[in-house]
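Me: Let us go through this structure by question and answer. Keep it brisk.

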Amino acid sequence: MADDNARIVVKIGGNALGPEDTTFQDLVAAQRQGAQPVVVHGGGPLITQWLDLLGVESRFVRGLRVTNDAALDVVTAVLCGLVNTRIVAALGAAGGRGVGLTGADGAVIAAEARDADLGRVGEVSAVQTDLIVGLLHHDFIPVFSPVCADAANPGALLNVNADSVAGALAGALAAERVIFLTDVPGVLDRDGRVIPTLTEAQTRELIEEGVIAGGMIPKVTACLNALAHAWTAQIIDGRAPRALRDALTSGGGTRITRQGERIASAGATA
């Protein structure tokens, strides 16, 4: 790590963990080497399964799940109950101390619903870091589900894209880097090849040209948001064994940087 207190935000996607997954061991190992990891998770596939069982239709607009009141109840139960608790338990089994949180806990993350087409879906509007920093200083690993407090309606909740939550937390915490574990090898070019490194400007051009599309847009947008403070944002294939550990030491996937010279040195400083 760049220093003994380097903060990293790791987002775990719903399909990101393979049968030989080592993500939780890698997180604990990174913490023991001086990192301060914060985890954000999704859970889209499991949410869809439960919505199907309950007869609630799943719809997506611009890669984001449309969430009505009925769907929000399922999203909250699945993300905050099933997925979050399982990740905390897995970190414990790996020798770490995870703490399960939602954005509503301690009013850490507030969100606002800004798109009527998406229903009860929000965008992060504010992040309070004191609770997170306190947990990190006591060697806990905060694990966030992306269900957040509705800033405009006290007591109400909003479903927030987990990639966006990860980016917002990385920015608020001034993290050294944010890493997105996905079920794809990285950002692909027109020929389906992984692009190892991108600048902010190159990333925006690929979005405009339609090379980056669909569900990849929230991921790279979250990367760009995180780069307001984090040096590097990285999208990697979380299904591969040691994916996270390799990302922290030798690279892999696609790295998006706000400063060109950090590309060459990112592996060395990790």
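Me: How far is the sulfur of Cys-80 from the closest cysteine sulfur?
Reply: This is a predicted model, where local features need pLDDT of at least 70, side-chain atom pairs count only at pLDDT 80 or more, and totals for chains, interfaces and linings use all residues. Residues are numbered from 1 along each chain as its sequence is written, and side-chain values use heavy atoms, with hydrogens and water left out. A disulfide here is a pair of cysteine sulfur atoms within 2.5 Å. The closest cysteine sulfur to that of Cys-80 belongs to Cys-148, too far for a bond, at 9.0 Å.

Me: How many disulfides does a search of the whole structure find?
Reply: A disulfide is a covalent bond between the sulfur atoms of two cysteines. The search covers the whole structure, and the count of disulfides is 0.

Me: Which cysteine has the sulfur nearest to that of Cys-223, and how far away is that sulfur?
Reply: Cys-223 takes part in no disulfide. Its nearest cysteine sulfur is in Cys-148, at 18 Å.

Me: Is Cys-223 buried or exposed?
Reply: Buried means under 20% relative accessible area, exposed over 50%, and partly exposed in between (1.4 Å probe, protein chains only). By contrast with Cys-223, Cys-80 has 23% relative accessibility and so counts as partly exposed. The relative accessible area of Cys-223 is 0%, so Cys-223 is buried.

Me: How many residues of helix H7 are buried?
Reply: Helices (H or I, at least four residues) and strands (E, at least two) are DSSP runs, numbered from the N terminus. H7 spans residues 216–226 and is largely enclosed by the rest of the structure. Cys-223 is among its buried residues, as are Met-216 and Val-220. The buried count, out of 11 residues, is 8.

Me: Which strands are among the elements that cover the buried residues of H7?
Reply: Cover is a matter of contact, meaning heavy atoms within 4.5 Å. Helices H5 (162–172) and H6 (200–208) contribute to it. The strands include E4 (64–65), E11 (177–182), E13 (232–237) and E14 (254–257).

Me: How far apart in space are Ile-235 and Cys-223, C-alpha to C-alpha?
Reply: Ile-235 sits in strand E13. It is buried, with a relative accessible area of 0%. Leaving out residues up to four places away in sequence, Ile-235 touches Met-216, Lys-219, Val-220 and Cys-223, among others. Ile-235 and Cys-223 are 12 residues apart in sequence, and their C-alpha distance is 8.6 Å.

Me: How many residues of strand E2 are buried?
Reply: E2 runs over residues 36–41 and is largely enclosed by the rest of the structure. In a regular strand the side chains alternate between the two faces of the sheet. Gln-36, Val-38 and Val-40 are buried on one side of E2, and Pro-37, Val-39 and His-41 on the other. The buried count is 6 of 6.

Me: Which residue of E8 stands opposite Val-40?
Reply: Two strands pair if DSSP finds at least two bridges between them. Strand E1 (residues 7–12) pairs with E2 in the parallel sense over 6 bridges, and the bridge partner of Ile-12 in E2 is His-41. E2 also runs parallel to E8, joined by 2 bridges. Opposite Val-40 in E8 stands Phe-144.

Me: What does Asp-26 touch, not counting residues up to four places away in sequence?
Reply: Asp-26 lies in helix H1 (residues 23–32). H1 is mostly covered, with 8 of its 10 residues buried. Asp-26 counts as buried, at 3% relative accessibility. Its contacts are Arg-242, Ala-243, Leu-244 and Arg-245.

Me: Which residue with a positive phi follows H1?
Reply: The phi of this residue is near 115°. The residue that follows H1 is Gly-34.

Me: What is the phi of Ala-174?
Reply: Most residues other than glycine have a negative phi. Asp-139, in the loop between helix H4 (130–137) and strand E8 (141–145), has a positive phi of about 65°. Ala-174 lies in the loop between H5 and E11. Ala-174 is not a glycine, yet its phi is positive, about 50°.
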